[in-house]
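Get your viewer ready and set the display to cartoon, with side chains hidden for now. We will go from one selection to the next, stopping at each to see what is there.

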Amino acid sequence: MILTRSQGERLAVIINASRPEWAIPSIAKILQTANQSNGLPAHDFNHAIRAVVAYATATVAGGEYVKQTPGFIHEPSRFWDDTAPTGKGYKSAPRVMCEEHSTYEAHSCSCCWADVNVGERTESQVGKRLHPAHPPNPGKAQAVKQAIKTLQAAQH
Ligand SMILES: [Zn+2]
C-alpha cells in the first residue's frame, strides 16, 4: 500500500515510540523510499501498524531485539505475514531470495552480511551474486574418489 503523508508521519511516530533509538527522520526516509516504489506490503493501515510494531519490538529468547535498525521494515517478511488480517485474502508478497545463497532472503542474507562484516562485500552487494557458480567438475571428483580408495586400500 502507498501511504498518505499523514499515514507516513503517524507510522514514523509509532515506530519511534516502539524504538526511541530509531530516529524519526531516518524512519521517514525509509517509508518515503518504499512509497516511491511498491509501497508497504500491507493490506491496510491497521495492518501496517501491527507489522511495524511487531518488527520493532520482536525479541529473541535472551530478550534482545531481533532488529537492530529499521532498514528493512518495509520489506516483505514474517512480521507482515503474521500480522495480516485474517479472512481478507491477504497474500504475502513474494520474497526476493539471495542470488548466491538461495535459502536466504536477499536483504537479510546472513552469509552476505558476514561477508560485509569482514570487508569482502559492500552493503549494496548483499543478496547479489559476486562469484560465478562453479561448473560441475566430474573429472576432479573422480580423482578425489580414487585417491580416497587408494588411501583406504593402503590402510588395510
Ligand atoms: Zn547471500
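Start by selecting helix 1 together with helix 3, residues 45-57. In this predicted model, the axes of helix 1 and helix 3 come within 9 Å and cross at roughly 25 degrees. That angle is under 35 degrees, so the two helices count as roughly parallel to each other. The crossing of helix 1 past helix 3 is right-handed.

Now show the side chains where helix 1 and helix 3 meet. On the helix 1 side, pick Gln7, Leu11, Ile14, Ile15 and Ser18. Their partners in helix 3 are Phe45, Ala48, Ile49, Val52, Val53, Ala56 and Thr57. Coloured by class, this contact between helix 1 and helix 3 shows 9 nonpolar and 3 polar residues, with no charged ones.

Next, keep helix 1 (residues 5-18) and swap helix 3 for helix 2, residues 24-36. How far apart are the axes of helix 1 and helix 2, and at what angle do they pack? The axes are 9 Å apart, and the angle is about 135 degrees. Helix 1 and helix 2 are therefore oblique to each other. Here too you can look for the handedness: helix 1 passes helix 2 in a right-handed crossing.

For the residues in this second contact, select Gly8, Leu11, Ala12, Val13, Ile15 and Asn16 in helix 1. Facing them in helix 2 are Ile24, Ile27, Ala28, Leu31, Gln32 and Asn35. By class, the contact of helix 1 with helix 2 has 8 nonpolar and 4 polar residues, and again none that are charged.

Three single residues are worth a stop of their own.

Centre first on Ile15, in helix 1. Is Ile15 buried or exposed? There are 25 other C-beta atoms within 10 Å of it, so Ile15 is buried. Leaving out residues up to four places away in sequence, Ile15 touches Trp22, Ile27, Val52, Ala56, Pro70 and Ile73. Ile27 also belongs to the contact in helix 2, while Val52 and Ala56 belong to the one in helix 3. For a long view from the same spot, draw a distance to Val144: its C-alpha atom and that of Ile15 are separated by 55 Å, with these positions 129 residues apart along the chain.

Stay in helix 1 and move to Ser6. With 9 C-beta neighbours inside 10 Å, Ser6 counts as exposed. A line from its C-alpha atom to that of Val60, 54 residues away along the chain, is 32 Å long.

Then go across to Ala28 in helix 2. Ala28 is partly exposed, with 17 other C-beta atoms within 10 Å. Apart from its neighbours within four places in sequence, Ala28 is in contact with Gly8 and Ala12, both of them in helix 1.

Finally, zoom out to the whole protein chain. There are 6 helices and 0 strands to colour. The radius of gyration is 22 Å, well over the 15 Å that the globule rule gives for 156 residues, so the chain is more spread out than a compact globule. Along its principal axes, the C-alpha trace spans about 75 × 35 × 30 Å. If you colour by burial, buried residues make up 19% of the 156 residues. Among contacts between residues at least 6 apart in sequence, 51% join residues at least 24 apart.

Notes. Residues are numbered from 1 along each chain as its sequence is written. This is a predicted model: local features need pLDDT of at least 70, side-chain atom pairs count only at pLDDT 80 or more; totals for chains, interfaces and linings use all residues. Helices (H or I, at least four residues) and strands (E, at least two) are DSSP runs, numbered from the N terminus. The radius of gyration is taken over C-alpha atoms; the globule rule is 2.2 Å times the number of residues to the power 0.38. A residue is buried if 20 or more other C-beta atoms lie within 10 Å of its own, exposed if 12 or fewer, and partly exposed in between; C-beta atoms are placed from the backbone. Two residues are in contact if their C-beta atoms, placed from the backbone, lie within 7 Å. Axes are lines fitted to C-alpha atoms, for helices over the stretch in contact, and angles run from 0 to 180 degrees between N-to-C directions. Angles under 35 degrees count as roughly parallel, over 145 as roughly antiparallel, 65 to 115 as roughly perpendicular and the rest as oblique. A crossing is left-handed if the near helix is turned anticlockwise from the far one by less than a right angle, and right-handed if clockwise. Ala, Val, Leu, Ile, Met, Phe, Trp, Tyr, Cys and Pro count as nonpolar, Asp, Glu, Lys and Arg as charged, and the others, Gly among them, as polar.
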